[in-house]
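Ready for some practice in reading a protein model? Take a look at the sequence and structure below, then work through the exercises one step at a time.

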Amino acid sequence: MHAPELLHYYPKFHSMDSYMIRLSSPFTYNHKCYLFANQKLSRHFTSFNFRLQSRKNSTSDAKEFDESAFEAERLRLDAKARESMAQISKTMTETTAEAEADPKAWKWVIRKRIWDLMEAQNIAQNPRPVHHRIPNFVGASSAAKKLSELEAFVMANCVKVNPDSPQKQVRFLTLSDGKKLLTPQPRLRTGFFSILESSMLTPSTINEACTSVGVAKYGRPIGLDEKIKVDVIVIGSVAVDPTTGARLGKGEGFAELEYGLLQYMGAIDDSTLVVTSVHDCQIVDDIPVEKLLVHDVPVDIICTPTQVIFTNRTIPKPQGIYWDKLSPEKLGQIRILRELKSRIEQETGQKLPCGPSEKLPPNAQRRRRRS
């Protein structure tokens, strides 16, 4: 699992309008493909047309949107994903041979400890049980309020927030404050990111827009070519270490993929603050930094119901999508990743590497769509 990085695709640099590819192991490649200058796509859409279209969609599409079918399918797929993750967790925490062979096994031990604690002390909030989720918790709204008082949040124009339950109030405060909300569909299964703005909503729909159904119903989907700057990233966590900024999610890796995709788009860079909201019991001191993987996303600020912690982050942030870590199963699950891979291969004339095959939470069981 700690194989050397074969090929890494960098996002756009702010200092020049270019794409770069770094190769850190032998690979046949054409020097002309090393630097691609002035490769910005010249697709110009007028904001006027976008606003007209989004306002049409927020009314006509909302009427046509089948909420019950969407929610039923979401819950079905989530249940399958949790069932699969539960099996992986059991294997990693109860089978010595598997645990010793997998460099990520230690993460499941910490996750299980936190999930068990939250349930045992009734800190957990619905949806329950919180196992194999970004856990909702008592005081999530208080943590969100502290987050909304951060100077970085107050000054932000666009905030990317994960779609999980404990961050629902963060999404609400983002929209209520007149900011752009960028949020992904759960597990990137139905597309990519969607943008919501208070101007697209009414007082009666803003709360609904903070849910997964509401994002699908009212949001404006964007593509890889969207020109957008994200000022703050809010990310869900299972456990975080304030001394290093180390973070553990629920184990599916979608936060890391979303981070890498935003880097590719030029929407974020290393200076973009990453903030998480958690319960105080989710703060730990035993995440071994030396065992973290290159794509793990650390956090800069932790907000709990009782405190705000500025971490002493020592961990470098990921630098895009690590294709040599991405399994063919996960690539097959997520259309936007296949599109990006195809685009990079066409632009560079080089075949991107692929990670080892593995059994994953069954997002792949979703309805097949044409890629």
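## Exercise 1: Two cysteines

Decide whether Cys210 is buried or exposed, and do likewise for Cys281.

Solution. Keep in mind that this is a predicted model. Start with Cys210: its relative accessibility is 0%, so this residue counts as buried. The cut-off for buried is under 20%. Cys281 has a relative accessibility of 15%, so Cys281 also counts as buried. As a last step, look for disulfides, which require two cysteine sulfur atoms within 2.5 Å. The count is zero.

## Exercise 2: A strand and its partners

Find out which strands pair with β5 and in what sense they run.

Solution. Begin with β4, residues 158–161. Three bridges link β4 to β5, and the two run parallel. Within this pairing, Lys160 is found opposite Leu182 of β5. To get from β4 to β5, the chain passes through helix α7, residues 168–176, and this β-α-β crossover is right-handed.

Now turn to β6, residues 193–196. Four bridges join β6 to β5, this time in the antiparallel sense. One place to look is Pro184, whose bridge partner in β6 is Phe193.

Why is β5 described as largely enclosed by the rest of the structure? The strand spans residues 180–184, and four of its five residues are buried, which is why the description fits.

## Exercise 3: Rings that meet

Work out how the rings of Phe192 and Phe193 are arranged.

Solution. The structure contains one aromatic pair. In it, the ring centres of Phe192 and Phe193 are 4.6 Å apart, and the planes stand at 65 degrees, so the pair is edge-to-face. The angle cut-off for that label is over 60 degrees. Both Phe192 and Phe193 are buried.

## Exercise 4: Charges over rings

Identify the ring that Arg111 lies over and the ring below the charged end of Lys330.

Solution. For Arg111, go to Trp108: Arg111 lies over its face, 4.5 Å from the ring centre. For Lys330, go to Phe254: the charged end of the lysine sits over this ring, at 4.5 Å from its centre.

## Exercise 5: The whole chain

Describe the protein by its secondary structure, its burial and its contacts.

Solution. First, the secondary structure consists of 11 helices and 13 strands. Next, 52% of the 371 residues count as buried. Finally, take the contacts with a separation of 6 or more: 68% of them are between residues 24 or more positions apart.

How values were computed: Residues numbered from 1 in each chain as written. Predicted model: local features only at pLDDT ≥ 70, side-chain atom pairs only at ≥ 80, totals over all residues. Heavy atoms only, no water. Buried < 20%, exposed > 50% of the residue type's maximum accessible area, 1.4 Å probe, protein only. Pairing = 2+ DSSP bridges. Right-handed = clockwise from strand over helix to strand, strands pointing away. Phe/Tyr/Trp six-rings, centres within 6.5 Å; stacked < 30°, edge-to-face > 60°. Lys NZ or Arg CZ within 6 Å of the ring centre and 35° of its normal. Contact = heavy atoms within 4.5 Å.
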